Amino acid sequence: DSYPYNSISIYAFHPMYIDLRQLPALKDKAAMEKFETERKKLNALPQVDYEAVNELKRGYLHQIFDEAGKEVLASAAFKKFFKENAHWLQPYAAFSYLRDKFGTPVFSEWPEHSTYDEKEIAKLCNPRAKSYAEIAFYYYIQYQLHIQLLAAGEYARSKGVILKGDIPIGISRN
């Protein structure tokens, strides 16, 4: 139980923070235009519509993962990232997959995998498992967020700004 479900979130970044403009364009021009139109509409709102933004980003991420995910996950850069981060990335991706599968982040309500078991999570994350494509989607998102955060940090440093990490205190167990 070295990484139970309620402690893995301190490592991962929420997809809300991803900048879709830094990802490749979709091959489907009509879908790309639709996403761009929706992105502009959402950015023009006086307040952030978090649900709509998350829904738009998740849809785009699924499409771009379907188009380019395998290539990215096969890259040397991703393999290095995965090797250095597997200790939190696998439990996080498995949690995200199971949260979506069971429709709740309250893992105590899940009909299976409600207790963290490292061996069972390793089985879910095995590239030959049925669940792998859905789990790999979360690897892809976290890798893209990692790349974007590194770039933002480098830009900030070039301007004399230092970014400081923060660990949330008092977060929900779920």
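Colleague: What makes the span of helix α3 stand out against that of a straight helix of 27 residues?
Modeller: In this predicted model, α3 covers residues 76-102, and its end C-alpha atoms are only 33 Å apart. A straight helix with 27 residues would span 39 Å at 1.5 Å a residue.

Colleague: Where is the kink in α3 centred, and about how many degrees is it?
Modeller: The kink is centred on A86 and comes to about 90 degrees. That angle is taken between axes fitted to the seven residues ending there and the seven starting there.

Colleague: Good, and what follows α3?
Modeller: G103 does, and its phi is positive, near 75 degrees.

Colleague: What pattern does the chain follow along the sequence?
Modeller: Happy to spell it out: α-α-α-α-α. The chain has five helices and zero strands.

Colleague: Why is L149 called partly exposed?
Modeller: Its relative accessibility is 40%. Buried would need under 20% and exposed over 50%, so L149 falls in between and counts as partly exposed.

Colleague: Where does L149 lie, then?
Modeller: L149 is in helix α5, residues 132-158. L149 also helps to make a nonpolar surface patch of about 340 Å², together with F13, V161 and L163.

Colleague: What makes L149 eligible for that patch, as far as accessibility goes?
Modeller: Patch residues need over 30% relative accessible area; L149 has 40%, so L149 passes that cut-off.

Colleague: And how much of the chain counts as buried?
Modeller: Of its 174 residues, 36% do. The chain exposes about 11,400 Å², with carbon and sulfur atoms supplying 54% of that area.

How values were computed
Residues are numbered from 1 along each chain as its sequence is written. This is a predicted model: local features need pLDDT of at least 70, side-chain atom pairs count only at pLDDT 80 or more; totals for chains, interfaces and linings use all residues. Side-chain values use heavy atoms; hydrogens and water are left out. Helices (H or I, at least four residues) and strands (E, at least two) are DSSP runs, numbered from the N terminus. The expected span of a helix is 1.5 Å times one less than its number of residues. Buried means under 20% relative accessible area, exposed over 50%, partly exposed in between (1.4 Å probe, protein chains only). Accessible areas come from the Shrake-Rupley method with a 1.4 Å probe; for residues, only the protein chains shown count as cover. Patches are made of residues with over 30% relative accessible area and no salt bridge: like charges are joined within 9 Å, nonpolar side chains (Val, Leu, Ile, Met, Phe, Trp, Tyr) within 5 Å. A salt bridge is a side-chain nitrogen of Lys or Arg within 4 Å of a carboxyl oxygen of Asp or Glu.
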